[in-house]
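Please open the model in a viewer and keep the selection tool at hand. The stops below state what to select and what is found there.

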Amino acid sequence: MDKQLVENVVTQVLDEMRARPIPLGISNRHIHLSPEDFERLFPGQTVTIKKALLQPGYFAAEQTVTLVGPKGQLKNVRLLGPLRGASQVEISRTDARTLGIAAPLRMSGNLAGTPGIRLVSPYAEIDLPNGVIVAQRHIHMSPLDALVLRVSHGDNVCVAIEGTGRRVIFDDVAIRVAPGLLLEMHIDTDEANACGADEPGARARLVPRA
């Protein structure tokens, strides 16, 4: 086969792969718990899977808690599994105002200097000394996806949300690359409402910075 023809075909395939939409995942408020905090809140229980999430091995659990802040509370906040090394609460800016907590914008796991909160289950309550964040919008992907899209772990990119009549471009979207991850962009409910991400036809695409 002609070498130039092969190169043209490969280029066309890669261009088509780069142009494909990125699946959108809307993250409602949720918590992650360490094994120790889970046992304190749900003594004698095991984490019960309610629904599998797109990322392999991750799930929404049956267990929920109430978040209690200085100004208000949010009930039925779901636990996401599996359990982690440190407990973490992810909320939106709107949720932060409801609770009266100055939650910083952070990547998951970056908890130094974050505010705490009270967690209340049907069986107990605990005060987390820190761990409340507004999660930075990000895209999960495999190393192959990163190679095709020409990005690297830790990059920040621009993404257009299209197809809803309210086209929005999000800057500073973090790239998170790891083996086994599936391509998916995560935004919170405030961001999803701004661009109509839950509407039929909503799609995300990488776009160049202006």
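A search of the whole structure finds 12 salt bridges, a salt bridge being a side-chain nitrogen of Lys or Arg within 4 Å of a carboxyl oxygen of Asp or Glu. The model is a predicted one, in which local features need pLDDT of at least 70 and side-chain atom pairs count only at pLDDT 80 or more, while totals for chains, interfaces and linings use all residues. Residues are numbered from 1 along each chain as its sequence is written, and side-chain values use heavy atoms, with hydrogens and water left out.

**Stop 1: salt bridges**

Select Arg 137 and Glu 191, whose side chains form a salt bridge with an N to O distance of 2.8 Å. Arg 137 lies in the loop between β10 (132-135) and β11, and Glu 191 in helix α5 (residues 189-195), so the pair ties together parts that are 54 residues apart in sequence. Helices (H or I, at least four residues) and strands (E, at least two) are DSSP runs, numbered from the N terminus. Glu 191 has 12% relative accessibility and counts as buried; buried means under 20% relative accessible area, exposed over 50%, and partly exposed in between, with a 1.4 Å probe and protein chains only.

Next, select Glu 199 and Arg 166, which also meet through their side chains in a salt bridge (2.8 Å, N to O). This pair links distant parts of the chain, 33 residues apart: Glu 199 is in the loop between α5 and β15 (203-207), and Arg 166 is in the loop between β12 (156-162) and β13. Glu 199 is partly exposed at 28% relative accessibility, and Arg 166 is partly exposed with a relative accessible area of 37%. Now add Glu 162, Arg 167, Arg 203 and Arg 205 to the selection: salt bridges that share partners join these four into one network. Within this network, the side chains of Arg 167 and Glu 162 meet at 3.2 Å, N to O. Which of the two is buried, and which is exposed? Arg 167 is exposed, with a relative accessible area of 52%, whereas Glu 162 is buried at 16%.

**Stop 2: the cysteines**

Select Cys 158 and Cys 195. How many disulfides does the structure hold? The number is zero, where a disulfide is a pair of cysteine sulfur atoms within 2.5 Å. The cysteine sulfur closest to that of Cys 158 is in Cys 195, 14 Å away, which is too far for a bond. Cys 158 counts as buried at 7% relative accessibility, and Cys 195 is buried with a relative accessible area of 0%.

**Stop 3: the largest pocket**

Select Ser 27, His 30, Leu 53, Leu 80 and His 186. The largest pocket holds about 860 Å³ of space, and these five are the closest to its centre of the 32 residues that line it. On a 1 Å grid over the protein atoms alone, a pocket is an open set of points with protein on both sides within 12 Å along at least five of seven lines, a cavity is a set of points where a 1.4 Å probe fits but cannot get out, and lining residues have an atom within 4 Å of a point. Grid points are joined across faces, edges and corners, and a volume is the space filled by probe spheres set on the points.

Colour the strands that supply at least two lining residues each: β1 (24-27), β2 (30-32), β5 (73-81), β11 (138-141), β13 (168-177) and β14 (184-188). Strand β5 gives the most to this lining, with six residues. By class, the lining has 11 nonpolar, 13 polar and eight charged residues; Ala, Val, Leu, Ile, Met, Phe, Trp, Tyr, Cys and Pro count as nonpolar, Asp, Glu, Lys and Arg as charged, and the others, Gly among them, as polar.

**Stop 4: the cavity**

One cavity of 30 Å³ or more is found in the whole structure. The largest cavity has a volume of about 120 Å³, and Ser 27, Glu 90, Ile 91, Ala 135 and Asp 188 are the closest to its centre of its 18 lining residues. Elements β10, β14 and α5 each supply at least two residues of that lining, and β14 gives the most, with three. The lining of the largest cavity has four nonpolar, eight polar and six charged residues.

**Stop 5: Asp 37**

Select Asp 37 in helix α2 (residues 35-41). Asp 37 counts as buried at 10% relative accessibility. Leaving aside residues up to four places away in sequence, Asp 37 touches Ser 87, Ile 126 and Leu 128, a contact meaning heavy atoms within 4.5 Å.

**Last view: the chain**

Show the protein chain, with its five helices and 15 strands. The C-alpha trace spans about 70 × 35 × 30 Å along its principal axes, and buried residues make up 41% of the 210 residues.
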